[in-house]
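Got your viewer open? Let's take a short walk through this model, one selection at a time.

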Amino acid sequence: MSAVIIVLIILVVLVFIALIKTIQVIPQASAAIVERFGRYTRTLNAGLNIVVPFIDTIRNRIDLREQVVPFPPQPVITQDNLVVNIDTVIYYQVTDARAATYEVASYIQAIEQLTVTTLRNIIGGMDLERTLTSREDINAALRGVLDEATGKWGIRVNRVELKAIEPPTSIQDSMEKQMRADRDKRAAILQAEGVRQSEILRAEGEKQSAILRAEGESRAAALKAEGEAQAVRTVFEAIHAGDPDQKLLSYQYLQMLPKIAEGDANKLWIVPSEIGDALKGLSGALGNMNPGTPPLTKDVPAARREEPTVD
């Protein structure tokens, strides 16, 4: 009886193991390679799969998601014989699990070596300056070569990035000095441009100010002349409207004589000939008012009279 129980237990264990080997659950975005007696049979996709126990075996499980693999810095020689260290990152995805398993022994190592050799070929045709400024071109060329070479391996290279390009230390020092000199040059140019623009603006401002000042003075002179002309016209109109006689004009003429002689600089006073007529008119007017009053002056000839001035 004990032997029968042992046999039953063994059978149950074998059945349990067979069930485990028969039912295969493949996670999402994964695939499994099935071999029968060492030969490829089929590829298991995500979900529940049934295989023949003890006959079919799972050779490899492959992740179908996009993978990111950073590669260590690689020394590369440029066209001008300078050694630079370049870090690369590869974004790839397995599209054919069977090809990735049987076409290449280790596709990660194969991609790395292919990246290094391709990168050396590309950088070898560029000088240092172009290498530092042509990352997009290098990435595109590298991706094209890798994608074409890894297509038969069931690998698709989605993206290639250069993380860093490190030139030698001496070159870095020279580049820093050059950049510093360029920055100083640009700063000096900008300062000179600023001074030049400031001088131009100041000259324009002074020019506009002078123009406005001249226009203002011209306008003021025109207005002043117009005012004086209007005043003269008003005076003459008032005089003509009042119809003055000779007596009033003679009196006004005599009142203006002291103003003509005003000023310390008047060394010479010329008596006009018209003063005699004015005095005659005024004398006649006073004589008519007071018959006994003698005339103010005799006839004054039209001559120049000089009066001494006391300094």
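Before the first stop, one term: two strands count as paired if DSSP finds at least two bridges between them. Also keep in mind that this is a predicted model.

Start by selecting Gln74 and Ile86: Ile86, in β7, is the bridge partner of Gln74. Now widen the selection to β6 and to strand β7, residues 83-94; 9 bridges join these two antiparallel strands. Add β8 and you have an open sheet of 3 strands in the order β6-β7-β8, with antiparallel pairing. Why do β6 (67-77) and β8 (155-166) each have one side without a neighbour in the sheet? They stand at the edges, so each has a single partner strand. From one strand to the next, the twist averages 25 degrees.

Next, show helix α3, residues 107-123: it lies across β6, β7 and β8 and runs at about 40 degrees to β6. Then pick helix α5, residues 135-150, which packs on the sheet and touches β7 and β8. The direction of α5 makes about 145 degrees with that of β8.

Time for another sheet. Select β3, β2 and β5: these 3 strands form an open sheet in the order β3-β2-β5, with antiparallel pairing. Its edge strands are β3 (39-44) and β5 (56-63). Strand β2, residues 30-36, is joined to β3 by 5 bridges, and Glu35 stands opposite Tyr40 in β3.

Last stop: click Ile5 in helix α1, residues 2-22. Its relative accessibility is 41%, so Ile5 counts as partly exposed. Ile5 also helps make a nonpolar surface patch of about 960 Å², along with residues including Phe16, Phe37 and Val52.

How values were computed: Residues are numbered from 1 along each chain as its sequence is written. This is a predicted model: local features need pLDDT of at least 70, side-chain atom pairs count only at pLDDT 80 or more; totals for chains, interfaces and linings use all residues. Side-chain values use heavy atoms; hydrogens and water are left out. Helices (H or I, at least four residues) and strands (E, at least two) are DSSP runs, numbered from the N terminus. Patches are made of residues with over 30% relative accessible area and no salt bridge: like charges are joined within 9 Å, nonpolar side chains (Val, Leu, Ile, Met, Phe, Trp, Tyr) within 5 Å. Accessible areas come from the Shrake-Rupley method with a 1.4 Å probe; for residues, only the protein chains shown count as cover. A salt bridge is a side-chain nitrogen of Lys or Arg within 4 Å of a carboxyl oxygen of Asp or Glu. Buried means under 20% relative accessible area, exposed over 50%, partly exposed in between (1.4 Å probe, protein chains only). Axes are lines fitted to C-alpha atoms, for helices over the stretch in contact, and angles run from 0 to 180 degrees between N-to-C directions. Contact means heavy atoms within 4.5 Å.
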